[in-house]
Amino acid sequence: MMLVFILLVAVAFIVIATSKLKLHPFIALLIAAYGIAISVGMAYMEIASTITKGFGGILAYIGVVIVLGTIIGVILEKSGAAIKMADVILKVVGKKRPVLAMSVIGYIVSVPVFCDSGFVILNALKRSMVRQLKVSGVAMSVALATGLFATHTLVPPTPGPIAAAGNLMVDNLGLVIIFGISISIITMLAGYFWAVRSGKIYTSGEDSLVDLEKDTEVLEKYGELPSAFKSFAPIFIPILLMATASIVKLSFGHMSDSAFYKLFIFLGNPTNALFIGLLFATMLLPKFDEERLSGWIGEGIKNAGEILIITGAGGALGAVLKASGIGTYLGDALQTLSLGIFVPFIISAALKSAQGSSTTALVVTSTIMYPLLANLGLDSEMGKVLTVMAIGAGAMTVSHANDSFFWVVSRFSQMDVATAYKSYTMATLVQGLVTILIVYILAGILL
């Protein structure tokens, strides 16, 4: 019981330090790792090596992928490709279904672009649609926000799900992508239906928009938008390569010595696939000058830096937890409660609700879960994949005032706080509960 108490104190410290004291998650995770190591009596000479091996191990597994994905996201944002993707989707879905179109736009754009940036980028498009089509501003805002949130927490190469897969040592990232896309579609639709409901009940400042914004503002900012192929290629080609490699591995494992098999496995390796995606992203650069080659790419590298150090610190905490024996004991205790796949969801949801960051919830929960997998019957490859999904479900439950994205949504949508809680925050609760229900059903079938 002392081991469980130590873990609970460590988790409480991480939550309080990051949410109340505003301590950076990297320092909080590192302090927690040292605190656990000392508290369980780990040999002093082994503490530093355990922490550094855990830190380096996770970055070796997933670090380059996070950097490449973040650079691609910056290029899509600054080149206007995100706006072009939104325009294409709007034409496909049609103006008769603007709320659904907004959900789908958010769903796709958030794969390479962070939620906050994605909402800001697409806000002008959303407001233009609200004004022209006379549709509810609340419905459109909640649809966009929940569409962004669905893939943000479930689908690689978004950094959070990648880090979680890395911490759980998932061998087949393509399988995570396949399940993430499949499950997140249902998650997106759950947000969409809540958005429609909210639009019938609540109003925001956007519902009385006058013609203050001109559609030409987008073209003035980005110039001529890139083609649809150039816009979608940096996202979909890496995803396609990774998913294809997973299918080839499952279907043609008996041909592992053939050139055909080796080629697809090589191309579907996450690092290789994202690098190919980056090459396609360079087609979006209007000029090959210092501003684009150094400025845009440099900004992507800087944005990735914080994710990398948080992920590395999570790996360090995970290594300490594994070495301490806490995982084995806690796994045995939880197994008797028959909670199974709900364990990662509960931990992740508690962390998300308490400290606000979905990425931090994904990283910390996955480090806690790795030592527990065997005892919970989740140590198979499929078990690990569904654990990532369960953690992602928790990481969206719920977004409220301690989450920066909550304020982006409410302020840009001209919603007061009460309306934002009733519409957007409740939508994230619905999304999380629907997602974990789907994961639970899948676990019953596949495990």
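Visitor: Which residues in H8 meet which residues in H17?

Guide: A caution comes before the reply. This is a predicted model. In H8, the residues are Gly160, Pro161, Ala163, Ala164 and Asn167. In H17, their partners are Thr359, Leu362, Val363, Ser366 and Thr367.

Visitor: Into which classes do the residues of that contact divide?

Guide: The contact of H8 with H17 has 5 nonpolar and 5 polar residues, with no charged ones.

Visitor: At roughly how many degrees do the axes of H8 and H17 cross?

Guide: Start with the angle, then name the arrangement. Helix H8 covers residues 159–167. Its axis and that of H17 come within 8 Å and cross at roughly 5 degrees. Angles under 35 degrees count as roughly parallel, so H8 is roughly parallel to H17.

Visitor: Now another pair. Are H12 and H13 roughly parallel or roughly perpendicular to each other?

Guide: Use the same reading. Helix H12 spans residues 259–268, and helix H13 spans residues 270–281. Their axes come within 5 Å and cross at roughly 70 degrees. The range for roughly perpendicular is 65 to 115 degrees, and H12 and H13 are therefore roughly perpendicular to each other.

Visitor: Which residues meet between H12 and H13?

Guide: H12 brings Phe266, Leu267 and Gly268. H13 brings Pro270, Asn272, Ala273 and Ile276. By class, this contact of H12 with H13 holds 5 nonpolar and 2 polar residues, and no charged ones.

Visitor: On to empty space. What shows where it is left?

Guide: A probe the size of a water molecule is rolled over the atoms, and this shows where empty space is left. Here, the largest pocket has a volume of about 680 Å³.

Visitor: How many residues line the largest pocket, and which lie nearest its centre?

Guide: The lining has 27 residues. Nearest the centre of the largest pocket lie Glu306, Ser357, Thr359, Thr360 and Ser404. Several helices give two or more residues to this lining, among them H1 (2–19), H6 (115–133), H7 (137–154) and H16 (342–355). H17 (358–369) and H19 (404–412) are also among them. Thr359 appears again here: it lies among the residues nearest the pocket centre, and it also meets H8 from H17.

Visitor: Which helix gives the most to the lining of the largest pocket?

Guide: H14 does, with 5 residues. By class, the lining of the largest pocket has 8 nonpolar, 13 polar and 6 charged residues.

Visitor: How many cavities of 30 Å³ or more does the structure hold?

Guide: There are 2. A probe fits in a cavity but cannot get out, whereas a pocket is open. The largest cavity has a volume of about 60 Å³. The second largest has about 40 Å³.

Visitor: Which residues line the largest cavity?

Guide: The lining consists of Ile66, Gly69, Thr70, Ser110, Val111, Pro112, Val113, Phe114, Pro157, Thr158 and Pro159. H3 gives the largest share, 3 residues. The classes for the largest cavity are 7 nonpolar, 4 polar and no charged.

Visitor: And which residues line the second largest cavity?

Guide: They are Gly69, Ile72, Val111, Pro112, Pro157, Pro234, Ile235 and Leu274. H3 and H11 (228–251) each supply at least two of them. The lining of the second largest cavity has 7 nonpolar residues, 1 polar and no charged.

Visitor: What about charges? How many salt bridges does a search of the whole structure find?

Guide: Side chains of opposite charge can pair when their charged atoms come close. In this structure the search finds 2 salt bridges. One of them joins the side chains of Lys78 and Glu299, at 3.3 Å from N to O. This pair links distant parts of the chain, 221 residues apart. Lys78 sits in H3 (residues 44–79), and Glu299 in H14.

Visitor: Last, the backbone. Which peptide bond is cis?

Guide: Look at omega. The bond from Thr397 to Val398 is cis, with omega near 0 degrees. Val398 is in the loop between H18 (381–394) and H19.

Visitor: Where is Lys22 found?

Guide: Lys22 is in the loop between H1 and H2 (25–39). Check its phi too. Lys22 has a positive phi of about 60 degrees, although it is not a glycine.

Methods: Residues are numbered from 1 along each chain as its sequence is written. This is a predicted model: local features need pLDDT of at least 70, side-chain atom pairs count only at pLDDT 80 or more; totals for chains, interfaces and linings use all residues. Side-chain values use heavy atoms; hydrogens and water are left out. On a 1 Å grid over the protein atoms alone, a cavity is a set of points where a 1.4 Å probe fits but cannot get out, and a pocket is an open set with protein on both sides within 12 Å along at least five of seven lines; lining residues have an atom within 4 Å of a point. Grid points are joined across faces, edges and corners, and a volume is the space filled by probe spheres set on the points. Helices (H or I, at least four residues) and strands (E, at least two) are DSSP runs, numbered from the N terminus. Ala, Val, Leu, Ile, Met, Phe, Trp, Tyr, Cys and Pro count as nonpolar, Asp, Glu, Lys and Arg as charged, and the others, Gly among them, as polar. Axes are lines fitted to C-alpha atoms, for helices over the stretch in contact, and angles run from 0 to 180 degrees between N-to-C directions. Angles under 35 degrees count as roughly parallel, over 145 as roughly antiparallel, 65 to 115 as roughly perpendicular and the rest as oblique. Contact means heavy atoms within 4.5 Å. A salt bridge is a side-chain nitrogen of Lys or Arg within 4 Å of a carboxyl oxygen of Asp or Glu.
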